[in-house]
Each structure stands twice: as C-alpha cells, then as structure tokens.
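Welcome! Here is a short briefing to help you find your way around a structure you have not met before. Take a look at it, then read on.

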Amino acid sequence: SLQIYLETNTWCCFSSNCSAGTGDTLQMIENMEQKGKHQAIEMAKKILGLESKTMTEIFQQLQSNLGRSEKAKQYFATRGLEKTEVGYNAGGYEQLKNCLIFPLKNENGNIVSLYGRSIFDHKNNKDQRHFYQKNRSGLYPNYPKADTKKLILTESIIDAATLLEQGNIKNNYEVLALYGTNGLTDEHQKAIEQLAFLEEIILFFDGDEAGRKAAFRALEAALPCMEDGRQARFLFLPDGEDPDSYVNKNGKNFFTDLTKQSKISIHQFIFNHYIKQTDNN
C-alpha cells in the first residue's frame, strides 16, 4: 500500500490500517526510527556518507545526482546551461531540496557554501526559488581575477551562469553574481576593492522597477571601490525580461547590441544622482 514518487522524493501509504499518511525522505526516517527532525537529518547524512566530507566532495556527489533526475535534466537543458558547474539535490539536504545546486567559492577558489535554485515554478512567491545554506559565504562563480578590467554584476546566480555560457562574454569579462536585489554583500565589496586594474563595472539587472533600483543601489555600494576615470554602464533590459530569459530569446549577439548603450563616469553618476535627489525634494 506504500507508493513512492521518485520525481518528488515523497511517499504516501494508502493502507486503512496505517496512520503514517504522506511525507518525504526525512519523514520516512523519523517514522521508521522514531526520531526527531534533527536526528533524522543526521541519520540521512550518515546514510549518504556526507558526515565527514568536504564541501567540494559533497558538491561532486550532487553533480552526479543531476543525471539521475529527468525533471532536473530537463530544467537544466531549458536554461541552456550546458557548460555550467552544477549539481542537483533531490532531498539529502532538506534546506536545498529539489534544487539545482551551484557552488560558492572563497578567495582561494575552494567551495565553501552552496546555493539552490528550485526547479519548480513559484509564480506567486519568487523568494521560494532561491535557497542558501545557513551562514552563507563565498562568491559565484568565484572571486574575480586580480587583473580584471571589465566586471559584470548580475542580480542572481542563474543570470551569471547564463552569461558565462556565452564565449564572447567569458573571454572578455569577469562576471560576479549578487544575491538578489539587496544582495551585494561585504564579501562582494571586498572582492571589488582588490581589483587594482578595474576600468569598468557593468550592471546587468532585471528589466523591472525592482531590478533598476537594485542596479543603482549596487553601484552606490560599489562607489567606495571605484576611482575617477573608471566607467559604469547600466544595461537595462525590456520590462519583464531578466538576463537569463533575454539571452535565451536573442542569441549570442545580444550583448554586443546592448553594450552600445552609453556609459557614464563615476563622478557623472554621483552628480546625476544628487541632482535627481534634489529635484525630488
């Protein structure tokens, strides 16, 4: 009477003599072993052999999981992420369940944390698409190289991954993902401050009001890292578009066309910003 659903990693017992009902992998352990949630998580880690593994080893195992889920492979393919370093978590990590997994790396290039992008649609609550481990650290796809001259900041990890699929971008720019519209962290700022040869920051955010406001906030936060003579460029997409959707619709030449938009100096940005504030007041 027990039905197991492999795509969602859930189960349901239909027996009239059973009160277990439905649940996921952790609930199965809780019921079978009569344990609490925390104990069930620890037992799941032991079953999966994750107790003593490094974050890199854990991510490698999650990478191998991608090929075992048709739904995850289909989602991955529709995003056009053919070269991206990514894994899939079906339920071993409850916090990142049913997510494509992307590695966050420290200054030495080591994986120190994981980000999960849900493969399910959450049209009514976009926040449910994004999941981070507790005490998140690290940057995606990595800290920019020391000799970086041109740096693209994106609003999300999936946007950065999409850009890095384009050879003309990967060969000529460093890409750094923020963690949402308010997601420029102290670690991002530290990484940008270290770029002694930086000439230009390109802010490539979603084509909506929240995305445009986030782009200006991100530049304001990055201003202490910038010097006069360096340039800022805003690539504003059409309403309702994000870099991920725009790239997939418009192909490889999209970036060349967009970058024809005018750039502004950092001092000019500051001047325009404060003039606008004065007008609003």
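One aromatic cluster brings together Phe102, Tyr115, Tyr132, Tyr140 and Tyr179. Please keep in mind that this is a predicted model. The points below begin with the aromatic rings, then turn to charged pairs, a surface patch and the chain as a whole.

**Aromatic rings**

- The whole structure holds 4 aromatic pairs.
- In the pair of Phe102 and Tyr140, the ring centres are 5.8 Å apart and the planes stand at 90°, so this pair is edge-to-face. An angle over 60 degrees is what that label asks for.
- Phe102 belongs to strand S5 (residues 99-105), while Tyr140 is found in the loop between strand S7 (130-132) and strand S8 (150-154). With their positions 38 residues apart, the two link distant parts of the chain.
- Are Phe102 and Tyr140 buried or exposed? Both of them are buried.
- Tyr132, another member of the cluster, also has a charged neighbour: the charged end of Arg136 sits over the ring of Tyr132, 4.5 Å from the ring centre.

**Salt bridges**

- How many salt bridges does a search of the whole structure find? The search finds 7, and three of them are good places to start looking.
- Glu200 and Arg233 meet through their side chains in a salt bridge, with 2.9 Å from N to O. Glu200 lies in strand S10 (residues 200-205) and Arg233 in strand S11 (residues 231-236), so this pair ties together parts of the chain that are 33 residues apart in sequence. Glu200 and Arg233 are both buried.
- Glu209 and Lys213 form a salt bridge as well, and their closest N and O atoms are 3.0 Å apart. Both residues lie in helix H8 (residues 209-222), where the 4 residues that separate them amount to about one turn of the helix.
- Glu209 has a relative accessible area of 52% and is therefore exposed, since the cut-off for that label is over 50%. Lys213, at 46% relative accessibility, counts as partly exposed.
- Lys37 and Glu30 make a further salt bridge, with 3.4 Å between the closest N and O atoms. Lys37 is partly exposed at 40% relative accessibility. Glu30 has a relative accessibility of 15%, so Glu30 counts as buried; the limit for buried is under 20%.

**A nonpolar patch on the surface**

- Which residues form a nonpolar patch on the surface? They are Leu2, Ile4 and Leu6, and together they have about 330 Å² of accessible area.
- Ile4 is placed in strand S1 (residues 2-5). With a relative accessible area of 48%, Ile4 is partly exposed.

**The chain as a whole**

- The protein chain has 281 residues, and 44% of them are buried.
- Its secondary structure comes to 11 helices and 12 strands. Strands S1, S5, S10 and S11 and helix H8 have come up above.
- Among contacts in the protein chain with a separation of 6 or more, 58% are between residues 24 or more positions apart.
- About 15200 Å² of the protein chain is exposed, and 46% of that area is supplied by carbon and sulfur atoms.

Key:
Residues numbered from 1 in each chain as written. Predicted model: local features only at pLDDT ≥ 70, side-chain atom pairs only at ≥ 80, totals over all residues. Heavy atoms only, no water. Buried < 20%, exposed > 50% of the residue type's maximum accessible area, 1.4 Å probe, protein only. Contact = heavy atoms within 4.5 Å. Areas by Shrake-Rupley, 256 points an atom, 1.4 Å probe, with all protein chains shown as cover. Patch = residues over 30% accessible without salt bridge, like charges linked within 9 Å, V, L, I, M, F, W, Y side chains within 5 Å. Salt bridge = Lys/Arg side-chain N within 4 Å of Asp/Glu carboxyl O. Phe/Tyr/Trp six-rings, centres within 6.5 Å; stacked < 30°, edge-to-face > 60°. Lys NZ or Arg CZ within 6 Å of the ring centre and 35° of its normal.
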